[in-house]
Amino acid sequence: RTAELGGDYQHRFSPLVVGRLVGLYTYKHNTTVAQTLAPGRLQESNKDNTGGESILRGTLSVQQLWGINLEAGGEGAFNYLDASSSVRTNGAIVVLPNANVRVEEKRAEGFITATAKPLPKLSLEAGTRIETSRISQSGGATKERSFTFVKPRFIAAYALKPATQLRMRVERVVGQLDFEDFAASADTSTGVVSAGNADLEPERYWLAEAAFEQRFWG
């Protein structure tokens, strides 16, 4: 079962200044029941997950300030997951680590971005985001950790001709964790049990990209 509720409000303070406020709430619940029958073995597994995400984001855009478009804002989010798993083999309970866990994340992010066209054929975008988060887990393991990441980004696009463009992008990327990886799970078809990992950290890497685009046939 899933449910989603959101709102988007935009207000123009002046011909050059626009504010925007976006709120979103998402709820998800799923239950999985599986059975595997093999010679001399009957395995049953149950998994029940309930999670949600709440996001509030505000931005302020200033257009054509000395030839530059500026956008600044912030975002706050709260994510949670309640997960429980159980496995039985021939009616006997199999002990799973991290079988019943609750994972919570509180995240805040601030950002600023500037875009400009110093030349008719050249477009530039530069900005940075600062993200801080706290992840806590209770149940099979009790743990709390905090992270802070700085995520700069630079994009350049140059139009060699109206139908030909060169683009370049350099960006620091930080991924989002899958909370289900914190909890135990079992695959009845293979008999493999995942214990879950309370020490997961977001994936992070530098991304550099160059592209050549040629349009044709109109």
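Visitor: Leaving aside its neighbours within four places in sequence, which residues is V17 in contact with?
Guide: V17 has its place in strand 2, where a strand is a DSSP run of E with at least two residues, a helix is a run of H or I with at least four, and both are numbered from the N terminus. A contact means heavy atoms within 4.5 Å. With sequence neighbours up to four places away set aside, the partners of V17 are H11, R12, L60, S61 and V62.

Visitor: What kind of model is this?
Guide: Residues are numbered from 1 along each chain as its sequence is written, and side-chain values use heavy atoms, with hydrogens and water left out. Local features need pLDDT of at least 70, side-chain atom pairs count only at pLDDT 80 or more, and totals for chains, interfaces and linings use all residues, as this is a predicted model.

Visitor: How many helices and strands does the protein chain have?
Guide: Reading along the sequence, you meet the pattern β-β-β-β-β-β-β-β-β-β-β-β. The secondary structure of the protein chain therefore comes to 0 helices and 12 strands.

Visitor: What is the radius of gyration of the protein chain?
Guide: This radius is taken over C-alpha atoms, and the globule rule is 2.2 Å times the number of residues to the power 0.38. The rule gives 17 Å for 218 residues, and the protein chain is well over that, so it is more spread out than a compact globule. Along its principal axes, the C-alpha trace spans about 75 × 40 × 30 Å. The radius of gyration itself is 24 Å.

Visitor: How far apart in space are V17 and V101, C-alpha to C-alpha?
Guide: In sequence, these two residues are 84 residues apart. In space, their C-alpha atoms are separated by 45 Å.

Visitor: What share of the residues in the protein chain is buried?
Guide: Buried means under 20% relative accessible area, exposed means over 50%, and partly exposed lies in between (1.4 Å probe, protein chains only). The protein chain exposes about 13,600 Å², of which carbon and sulfur atoms supply 58%; such areas come from the Shrake-Rupley method with a 1.4 Å probe, and for residues only the protein chains shown count as cover. Of the 218 residues, the buried share is 25%.

Visitor: Is L70 buried or partly exposed?
Guide: L70 belongs to strand 4. Beyond four places in sequence, L70 is in contact with L60, S61, V62, L65, T113 and A114, and the C-alpha atoms of L70 and L60 are 8.2 Å apart. Because its relative accessibility is 31%, L70 counts as partly exposed.

Visitor: Which residues line the largest cavity?
Guide: On a 1 Å grid over the protein atoms alone, a cavity is a set of points where a 1.4 Å probe fits but cannot get out, and a lining residue has an atom within 4 Å of a point. Searching the whole structure finds 1 cavity of 30 Å³ or more, and the volume of the largest is about 40 Å³; points are joined across faces, edges and corners, and a volume is the space filled by probe spheres set on the points. Strand 7 (residues 122-139) gives the largest share of the lining, 3 residues. The full lining is E105, E131, S133, I135, G175, Q176, L177 and P202.

Visitor: Which strand gives the largest share of the lining of the largest pocket?
Guide: A pocket is an open set of points with protein on both sides within 12 Å along at least five of seven lines. The largest pocket holds about 420 Å³ of space and is lined by 17 residues, with K28, G52, E53, Y80 and F179 nearest its centre. Two or more lining residues come from each of strand 2 (17-38), strand 3 (41-65), strand 4 (68-89) and strand 6 (100-119). The largest share, 4 residues, comes from strand 3.

Visitor: How many charged residues are in the lining of the second largest pocket?
Guide: The second largest pocket has a volume of about 210 Å³, and E109, R129, K151, E171 and R172 lie nearest its centre. Ala, Val, Leu, Ile, Met, Phe, Trp, Tyr, Cys and Pro count as nonpolar, Asp, Glu, Lys and Arg as charged, and the others, Gly among them, as polar. Alongside 4 nonpolar and 4 polar residues, the number of charged residues in this lining is 9.
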